[in-house]
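Student: Hi! Could you walk me through this one? I'm still new to reading structures.
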Amino acid sequence: MSVTNIQAIHKDEARKKKWPIKGHIRIDKVRVEFGAVKHTAVEDTSLDIKAGEFVCILGPSGCGKSTLMNCIAGFVKPSQGVVTIDDEPVTRPGPECGMVFQQPSLFPWKTVKDNVGFGPLMSGQGKSTADSTARTLLAMVGLSAYEKRYPATLSGGMKQRVGIARALANYPSVLLMDEPFGALDAQTRSMMQSSLLKIWKEFKTTVIFVTHDIDEAIFLADRVLVMSASPGRIIADIPIELERPREADVVTSDLFIEYKKQCFALIQEESMRAFTNQNIDKAG
Ligand SMILES: Nc1ncnc2c1ncn2[C@@H]1O[C@H](COP(=O)(O)OP(=O)(O)OP(=O)(O)O)[C@@H](O)[C@H]1O
Ligand SMILES: [Mg+2]
């Protein structure tokens, strides 16, 4: 299946449903508490994320970013409130959400192609369809020549690209990315960011992307959400009005620098609070 075919699928779906694309997320008064002492990881959070939006989340370590992502993915059940995707409450992990983590968890015994084709194969598609989907996605992430390799023979950036291809192989309406480029060097990271934006443009999937890197968040996002120190809640929702497509030199523009100052001030304050709180044991 080519990129054009993917676009055709989206257009077809858009015709069938009035909503142009899927992946509308609503987080309604979600609160997450852990353990017998009911340690609050995420405090009453409400959010509406449009289908196809690219949202980045910034926040100090331990503030609940991954926990919130896990609620959207269905791995963590909120203690209170509800998450819906396209008006369906999330009760368990499902194929509508693809996930990419900081360390790509590829099957070391499977080739690159079989890693990417694993999801389609498990969802009942035949081997040849799974192979063809895997090849389309590997072409999109620029790894066609590596389809017969095993993960151990790839660089960190290549592994992460296989991880992205694998997460997209079930054509999810939501792509959740938890610090996916955190372990990469600056150059590879910048290349991955540009490549992700191109893939997102083709797929039109909703992306929620967690990062500690302010530049990365602003470069990628339609909206940057900033979370408070633990217990996490959204303290800022900043629309990023930089034109798309974005080139690497956008980081030198006045508007980019303005956004950066705004995010930096919020993050610095919250990181200090997080550091102080984590020294006083409130975790229970
Ligand atoms: N399964 C769990 N059981 C108990 N507490 C947990 C669990 N998962 C997370 N927590 C706690 O919830 C809080 C938020 O953790 P979370 O992993 O969501 O933070 P984070 O913002 O993703 O941090 P980082 O930026 O370091 O990845 C932390 O205090 C953590 O100890
Ligand atoms: Mg985390």
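Tutor: Sure, we'll go through some strands, then the ligand, then a helix. Keep in mind that this is a predicted model.

Student: Okay, how do strand 1 and strand 2 pair?

Tutor: They're antiparallel, with seven bridges between strand 1 (residues 25–34) and strand 2 (residues 39–49). One facing pair is F34 and H39, the latter in strand 2.

Student: And how many residues lie between those two strands?

Tutor: Four, and together the two strands make a hairpin. Look at G35 in the turn: its phi is positive, about 75 degrees.

Student: What about strand 1 and strand 4?

Tutor: Strand 4 (residues 80–85) also pairs with strand 1 in the antiparallel sense, over five bridges. There, I25 has I85 as its bridge partner.

Student: Switching topic: which residues are closest to ligand 1?

Tutor: F34, A41, S61, S66 and T67, out of 13 that surround the ligand. You've met F34 already, opposite H39.

Student: Which element gives the most to that shell?

Tutor: Helix 2 (residues 65–73), which supplies three residues.

Student: How does the shell divide into nonpolar, polar and charged?

Tutor: Four residues are nonpolar, eight are polar and one is charged.

Student: Last one: how far does helix 8 reach?

Tutor: Its 26 residues (254–279) span 37 Å from first C-alpha to last, close to the expected 38 Å.

Student: Which residues in helix 8 are buried?

Tutor: Y259, C263, L266, I267, E270 and A274. They pack against strand 3 (54–58), helix 7 (214–220), strand 9 (223–227) and strand 10 (234–239). As background, an α-helix has 3.6 residues a turn, so residues three or four places apart point the same way.

Methods
Residues numbered from 1 in each chain as written. Chains lettered and ligands numbered in written order. Predicted model: local features only at pLDDT ≥ 70, side-chain atom pairs only at ≥ 80, totals over all residues. Pairing = 2+ DSSP bridges. Near = placed C-beta within 6 Å. Nonpolar A, V, L, I, M, F, W, Y, C, P; charged D, E, K, R; others polar. Expected span 1.5 Å × (residues − 1). Buried ≥ 20, exposed ≤ 12 C-beta atoms within 10 Å, placed from the backbone. Contact = placed C-beta atoms within 7 Å.
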